[in-house]
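Here are my notes on this model, point by point. Please read them with the structure open.

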Amino acid sequence: YRTLIILPLDHCFAHVVGFYIMIACGASVATVQIGATPMETLKNIPQNIREVQPHFLLSVPALAKNFRKNIESSIRAKGPFTERLFRLALRTAYIYNQDGYDRGRGWRIALAPAVGLFDALLFRKVRAAFGGCLEFFVGGGALLDTELQRFFYAIGIPMFQGYGLSEATPVISTNSPKHHWHRFGSSGKILIPLDLKIVDEQGRELPRGQRGEIVVRGENVMAGYWKNPEATADTVRDGWLHTGDMGYVSEDDFLYVLGRFKSLLISSDGEKYSPEGMEEAIVDKSPYIDQILIHNNQSPFTGAVVVPNREGRHLRRGVPRAVAAGGTGDRGRSLHGAERAGEQYDESGPRQGRETLRRPDSLSLHTRRQNAEESPEPRIVGKNRGVAHVFSSPGFAKSKKRSNFVLRIAEIAQSVEH
């Protein structure tokens, strides 16, 4: 096996998985050629991939999005016919693959010949740009959109998401190429011989399917923070590492990470909910949204800062988001379902919010609407340098209204872009 380390060399994920495990397995490791500037180093990545011809790559969402952007730009450059054919191929593969776990199950097996044909005509040529030997990515470091997982799975280079913390050196669970060992939106299965449980606020273990704090125990758990016994005592209790992340374990042993407890928003009626689930679902619903930050601090309505996707105007609706989500065409799926199929975190990701948008302790955005009760529909109340402030109706924290908010904000984003 060969791999090319494209992550920073001081990254715990790159150290353990990229170097130590590869050395233990007798595999080959290469690093990206250093340029005169950081930007020049990044530009060396595509050439180095073709030279090394790696079998797998360690990636983070920012790099994965850049890879996808370059692929779609190359397809568009070949003309409208090739672009339409590529979108049709993606749509067919999305329906066939489902969530990865149920790939080709039931009547979808009839799509296998079409998927094979599209692979020979299109996807194989895409893989050639990655050296021709790349079998899969391993994703970590931050949130990995399920849409990205669907895309790379469709073109034949699956992106398997993992979860962990530097305090756990750093892998706790992961998806893998094994049959029935991967599912989009999950963090995969717990590594052996780690112990993991979900606990409530009182530290009581919760049954499968119930949400709580993720705590782990094993030889990979750190001894403590350097010269900080107070923080160590608060984080590691009786040998169990309290991650501060909210999640649950499904009946078939997949771990789902739903957000950081410290990032939970609080509505005016006291209900607590994770913003990452909504952010993931909103971005997944519309190609016109690049980034979004949702905020509420005991307010009757919830605000969002939206960064439009400038490339969105070039994207065609060849792959409907609802179809991509599962081929059902059900635009009204609940936010709860989107959460259970969407959010992933690793390392410092959950502490920093989504991508480059950092979540502040408080926002003054909600002061722009003095009386939320007067306007039941979301509306744009400000636009500055491509960033739109969008507000939802009061009480939208309820599941059904949150789902409508997700759909509505995707429609608003398109008008913002234009």
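1. Strand 13 (residues 265-267) and strand 14 pair in the antiparallel sense, over two bridges. Leu265 has Tyr273 of strand 14 as its bridge partner. Strands (E, at least two residues) and helices (H or I, at least four) are DSSP runs, numbered from the N terminus. Two strands pair if DSSP finds at least two bridges between them.

2. A word on the basis. This is a predicted model, where local features need pLDDT of at least 70 and side-chain atom pairs count only at pLDDT 80 or more, while totals for chains, interfaces and linings use all residues. Numbering starts from 1 along each chain as its sequence is written, and side-chain values use heavy atoms, with hydrogens and water left out.

3. Strands 13 and 14 belong to an open sheet of three strands, order 14-13-16, with mixed pairing. Strand 14 (272-273) and strand 16 (297-299) are the edge strands; each pairs on one side only.

4. A second open sheet to check has seven strands in the order 2-1-3-4-5-6-7, again with mixed pairing. Strand 2 (28-31) and strand 7 stand at the edges with a single partner strand each, so one side of each has no neighbour in the sheet. Strand 5 and strand 6 pair in the antiparallel sense over two bridges. Tyr163 stands opposite Ser173 in strand 6.

5. Helix 2 (residues 38-52) packs on this sheet. Helix 2 touches strand 1 (2-5), strand 2 and strand 3 (56-59), contact meaning heavy atoms within 4.5 Å. The direction of helix 2 makes about 165° with that of strand 1. Axes are lines fitted to C-alpha atoms, for helices over the stretch in contact; angles run from 0 to 180 degrees between N-to-C directions.

6. How do helix 3 and helix 4 cross? The axes of helix 3 (residues 61-77) and helix 4 (residues 80-97) come within 8 Å and cross at roughly 135°. That makes helix 3 oblique to helix 4. Angles under 35 degrees count as roughly parallel, over 145 as roughly antiparallel, 65 to 115 as roughly perpendicular and the rest as oblique.

7. Now the residues of that crossing. Helix 3 contributes Arg68, Ile71, Glu72, Ile75 and Arg76. Helix 4 contributes Thr82, Glu83, Phe86, Arg87 and Tyr94.
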